[in-house]
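Open the model in your viewer and keep the sequence panel beside it. The stops below say what to select next and what is there.

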Amino acid sequence: MECAYCARRAWVRVRAGLGTLALCESCFGGWARRRGQAFVPQWLNALKPSAHSHTTCPFCKATPETIRQTGLYGCCFCYLFFGVLE
């Protein structure tokens, strides 16, 4: 399967109007930017910070020490910012 724009090997098929387009990785990047979309893995990596990179939760102000002492996370976002604490 060839890319609809540059004839390289297609990487993904996307819906365009009533049909679909086969696009290579570089053409898909340009197509996604024009449509205001981003690669899903890049978006997820930007959304989720690395575990143990924060000293306090920006939403509830809980710290890893208070979580260890009480055994309770302050809010659902603590799991994203601190990961699972032992």
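Colour the chain by pLDDT to begin. This is a predicted model, and the protein averages a pLDDT of 79, with 76% of the residues scoring at least 70. Among the elements, the lowest mean pLDDT, 58, belongs to helix 2, and the highest, 90, to helix 3.

**The whole chain**

Switch to a cartoon view. The protein has four helices and two strands. Followed from the N terminus, the order of the elements is β-β-α-α-α-α.

Now show the surface. About 6500 Å² of the protein is accessible, and carbon and sulfur atoms make up 57% of that. Of the 86 residues, 28% count as buried. Among contacts with a separation of 6 or more, 20% are between residues 24 or more positions apart.

**Before strand 1**

Hide the surface and select A7. This residue lies in the segment before strand 1. Its phi is near 70 degrees, a positive value in a residue other than glycine. Is A7 buried or exposed? Neither word fits, because its relative accessible area is 46%, which makes A7 partly exposed.

Select R8, also placed in the segment before strand 1. At 45% relative accessibility, R8 counts as partly exposed. Which residues does R8 touch, leaving aside its neighbours within four places in sequence? The contacts of R8 are M1, E2, C3, C24, S26 and C27. To check one of these partners, draw a distance between the C-alpha atoms of R8 and C24: the two residues are 16 apart along the chain, and the atoms are separated by 6.3 Å.

Select W11, which is in the segment before strand 1 as well. W11 is partly exposed, with a relative accessibility of 47%. A distance drawn from the C-alpha atom of W11 to that of S26 gives 9.1 Å, for residues 15 apart along the chain.

**An aromatic pair**

Keep W11 on screen and add F28. A pair of aromatic rings is described by the distance of the centres and the angle of the planes. The protein has three aromatic pairs. In one of them, W11 and F28 have ring centres 5.7 Å apart and planes at 55 degrees, so the pair is tilted. W11 lies in the segment before strand 1 and F28 in helix 1, so the pair ties together parts that are 17 residues apart in sequence. The two partners differ in cover: W11 is partly exposed at 47% relative accessibility, while F28 is buried at 12%.

**Helix 1**

Extend the selection to helix 1, residues 25-34. Which residues of helix 1 are buried? They are C27, F28, G29, G30, W31 and A32. To see some of what covers them, show strand 1 and strand 2 (19-23), which are included in that cover. C27 has come up already as one of the contacts of R8.

**Between helix 2 and helix 3**

Move along the chain to K61, in the loop between helix 2 and helix 3. K61 has a positive phi of about 65 degrees although it is not a glycine. Its relative accessibility is 58%, so K61 counts as exposed.

Stay in this loop and select T63, which is found between helix 2 (40-47) and helix 3 (64-70). Is T63 buried or exposed? With a relative accessibility of 17%, T63 counts as buried, because buried means under 20%. Not counting residues up to four places away in sequence, T63 touches T55, T56 and F82. Show those side chains to view the contacts.

**A nonpolar patch**

Bring the surface back and select F59, F77 and L80. These residues form a nonpolar patch on the surface, with about 280 Å² of accessible area together. Within the patch, pick F77, which is found in the loop between helix 3 and helix 4 (78-82). Its relative accessible area is 34%, so F77 is partly exposed.

**Last look**

Return to the cartoon and put A7 and K61 on screen together. A7 has a positive phi near 70 degrees, and K61 has one of about 65 degrees. A7 is partly exposed at 46% relative accessible area, whereas K61 is exposed at 58%.

Terms used
Residues numbered from 1 in each chain as written. Predicted model: local features only at pLDDT ≥ 70, side-chain atom pairs only at ≥ 80, totals over all residues. Heavy atoms only, no water. Buried < 20%, exposed > 50% of the residue type's maximum accessible area, 1.4 Å probe, protein only. Contact = heavy atoms within 4.5 Å. Patch = residues over 30% accessible without salt bridge, like charges linked within 9 Å, V, L, I, M, F, W, Y side chains within 5 Å. Areas by Shrake-Rupley, 256 points an atom, 1.4 Å probe, with all protein chains shown as cover. Salt bridge = Lys/Arg side-chain N within 4 Å of Asp/Glu carboxyl O. Phe/Tyr/Trp six-rings, centres within 6.5 Å; stacked < 30°, edge-to-face > 60°. pLDDT = per-residue confidence, 0-100.
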